[in-house]
Amino acid sequence: MALGPRLELRQGQALVMTPQLQQAIKLLQLSNLELMAYVEQELERNPLLERIDGDAPGGEDSRDAFEVTDGDAPAERLDLSSDGIADKAREAMDVDPDGDNTFNNDSGYDAANADIGLASNYISGRGGDGRFDDEGGGLEQTLSETLSLREHVQDHWLLMPANVTDRLIGQALIDCLDDAGYITEPLEEIGARLGIEADEIEAVLLDLQTIEPAGLFARSLKECLALQLRERDRLDPAMQALLDNLELLAKRDIPGLMRICGVDQEDIADMVQEIRALNPKPGLLFGGEPVQTLVPDVYVRRTNDGSWTVELNSDTLPRVLVNSRYYARVTKPEKNSGAQNGQLKQTKTYMSDCLNSANWLVKSLDQRAQTILKVASEIVRQQDAFLRHGVSHLKPLNLRAVAEAIEMHESTVSRVTSNKTMATPRGIFEMKYFFTASIAATDGGEAFSAESIRHRIKTLIDGESIEDVLSDDKIVEMLAGKGVDIARRTVAKYREAMNIPSSVERRRLKKAGLLKAG
């Protein structure tokens with residue numbers, strides 16, 4: 001059979017992911033902070049996109065909301081703030097090309113606060129002698145500033161007597177401080193870098209270790225605790241022996257510590273309590289990176305008739321629109337020369353691409369909001385018992401059950417529930433929290449969720465007494481009496497995941513007074 005080149009024409013079908021569809025899928029799994037950052041990039045890149053300032057036209061009633069009742073499906077009340085968008089969100093890429101260009105929420109950029117930094121250098125009430133008056137202080141007097149660890153140490157180091165060489169060494173040691181207040185670089189390496197003997201650096205380090213709070217400039221956890229105990233005049237030989245064997249304390253080997261320290265059970269319990277009262281990271285007492293407040297994506301509220309209302313947090317939704325007037329003005333044809341007409345053609349091509357991109361982004365944002373709202377509403381309907389009675393009534397739930405109920409794909413539900421949080425009357429939870437494995441019931445009835453079983457195990461252990469410490473087998477028997485079919489190894493796995501010691505260790509710790517009895 002001869003081999004040779006030839007042409008063939010074949011026809012087939014394939015699913016092609018366009019850039020727009022990829023963008024819609026990507027937006028689904030972004031958190032609210034990541035979404036804000038993504039939209040900011042689009043606002044800088046696309047001249048047709050604009051941020052909407054002020055409140056929503058519809059006021060409070062224009063917020064996206066579902067009302068979930070006790071029935072098998074959400075109620076018919078569905079208020080969507082954007083006009084012309086599809087009533088039902090089946091997939092992330094299902095959008096209406098004729099929809100409105102406005103994506104509505106209540107957030108917006110407050111331009112009135114944009115110039116607040118311009119007044120930071122203005123100071124009122126400054127007297128002729130260079131001092132500030134008591135009244136009419138400047139703007140900076142109303143602002144608070146948290147002192148950082150290095151600023152605190154620098155202020156104290158400048159007040160301590162030292163020569164030029166010691167100042168240089170002290171500054172090098174301060175630069176080596178980490179956020180917890182430890183020296184992470186060996187003194188030999190610091191000395192090699194400065195060309196100074198390690199003994200000189202050790203002498204300066206001892207001076208720096210006197211700076212409050214005690215424990216700063218330690219090179220290990222043992223040294224940090226020793227500095228704090230020395231300040232309290234509690235660093236006796238027995239306590240030093242305890243610090244030398246911290247690994248035994250981590251293993252809860254109380255008999256071994258009693259033997260090494262030469263003390264009885266009562267004394268070792270007091271010593272361990274003193275260790276626990278110390279601060280292993282004294283540097284964290286000072287200002288660091290500001291803590292980010294957890295902002296929920298969905299609010300769940302109970303209505304007067306006992307049903308649940310699910311609302312999107314409009315503050316987390318970017319509010320943008322497409323400036324069609326600017327597009328029309330830029331692409332308006334005029335009587336120009338041939339060169340100008342050629343430039344206008346390039347401009348129209350570029351602006352058309354920007355218009356399509358902006359329209360798709362606005363509709364993708366609206367579709368994302370509808371999809372999140374629909375998934376959250378189904379979760380609330382499925383976990384109604386949890387919202388009413390607590391974690392012990394959390395039902396087992398998987399992605400397929402939610403996807404089938406709202407007629408979406410499992411992958412869409414998975415993306416929606418990633419990096420999203422829900423504020424309920426029982427606290428703020430990640431949406432993934434409501435999806436737990438099932439534990440079978442002994443009588444073949446309704447299964448239990450793994451999270452509710454973990455909660456029951458912790459409750460049983462918290463309530464045990466010194467005389468009756470529950471073993472894993474005993475816990476299995478008690479749960480079986482309540483209709484839970486669970487194996488002993490599963491109880492042990494859940495207990496270890498919650499960092500709860502075994503029954504033998506708990507009995508020993510409770511007798512030593514190191515663990516509170518129920």
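Here is a walk through this structure, from the overall layout to some of its pairings and packing. Keep in mind that you are looking at a predicted model.

Let's start with the big picture. The chain runs to 518 residues, and 41% of them count as buried. Along the way there are 20 helices and ten strands. If you take the contacts with a separation of 6 or more, 64% of them join residues 24 or more positions apart. Keep that in mind as we go, since several of the pairs below link places well separated in sequence.

Now for the nonpolar core, the largest one in the model. In general, nonpolar side chains in soluble globular proteins tend to be buried together. Here that core has 30 residues, and the members touching the most others are Val 298, Val 300, Val 375 and Met 422. Two strands, β4 (298–302) and β5 (308–312), each supply at least two residues, and so do the helices α13 (338–382), α14 (384–389), α15 (399–406) and α16 (410–417). The largest share comes from α13, with seven residues.

Met 422 is a good place to zoom in. Setting aside its neighbours within four places in sequence, its contacts include Pro 296, Val 298 and Val 300. It also touches Ala 376, Ile 379 and Val 380, and among its other contacts are Gly 427, Ile 428, Phe 429, Met 431 and Phe 434.

Next, move along to the last few helices. What covers the buried residues of α19? The cover includes β9 (438–439), α17, α18 and α20 (503–511). The buried residues in question are Thr 490, Val 491, Ala 492, Tyr 494 and Arg 495. Just after α19, look for Asn 499, which takes a positive phi of about 55°.

From the α17 side, Ile 457 gives you another view of this region. Ile 457 sits in helix α17 and is buried, with a relative accessible area of 0%. Beyond its neighbours within four places in sequence, Ile 457 is in contact with Ile 475, Leu 479, Val 491, Tyr 494 and Met 498. Two of those, Val 491 and Tyr 494, are also on the list of buried residues in α19. As for Leu 479, it is 22 residues from Ile 457 in sequence, while their C-alpha atoms are 8.4 Å apart in space.

A little further on, in the loop between α17 and α18, you'll find Glu 464. Is Glu 464 buried or exposed? At 3% relative accessibility, Glu 464 counts as buried. Its C-alpha is 9.8 Å from that of Lys 516, although the two are 52 residues apart in sequence.

On to the charged pairs. Side chains of opposite charge can pair when their charged atoms come close. How many salt bridges does the structure hold? There are 22. Here are three of them.

One joins the side chains of Arg 495 and Asp 472, at 3.1 Å from N to O. Arg 495 lies in helix α19 (residues 488–497) and Asp 472 in helix α18 (residues 472–481), so this pair ties together parts that are 23 residues apart in sequence. Both Arg 495 and Asp 472 are buried. They don't act as an isolated pair, either: Asp 472, Asp 473, Arg 488 and Arg 495 are linked in a network of salt bridges.

Another salt bridge stays inside a single helix. Lys 458 pairs with Asp 462, with the closest N and O atoms 2.9 Å apart. Both are in helix α17 (residues 450–462), four residues apart, or about one turn of the helix. Lys 458 is partly exposed at 40% relative accessible area, and Asp 462 is partly exposed too, at 45%.

The remaining example pairs Arg 219 with Glu 202, at 3.1 Å from N to O. Because Arg 219 lies in the loop between α6 (198–208) and α7 (221–231) while Glu 202 is in helix α6, the pair ties together parts that are 17 residues apart in sequence. Arg 219 counts as partly exposed at 35%, as does Glu 202 at 27%.

Last stop: the second largest pocket, with a volume of about 260 Å³. Its lining has 13 residues, and Asn 32, Leu 33, Thr 293, Leu 294 and Val 295 lie nearest its centre. Helix α2 (residues 32–45) gives the most to this lining, with three residues. Sorted by class, the lining has four nonpolar, seven polar and two charged residues.

Technical notes
Residues numbered from 1 in each chain as written. Predicted model: local features only at pLDDT ≥ 70, side-chain atom pairs only at ≥ 80, totals over all residues. Heavy atoms only, no water. Salt bridge = Lys/Arg side-chain N within 4 Å of Asp/Glu carboxyl O. Buried < 20%, exposed > 50% of the residue type's maximum accessible area, 1.4 Å probe, protein only. Core = buried A, V, L, I, M, F, W, Y, C linked by side-chain atoms within 4.5 Å. Contact = heavy atoms within 4.5 Å. 1 Å grid on protein atoms, 1.4 Å probe; cavity = no way out; pocket = protein on both sides within 12 Å on 5 of 7 lines; lining within 4 Å. Points joined across faces, edges and corners; volume = space filled by probe spheres on them. Nonpolar A, V, L, I, M, F, W, Y, C, P; charged D, E, K, R; others polar.
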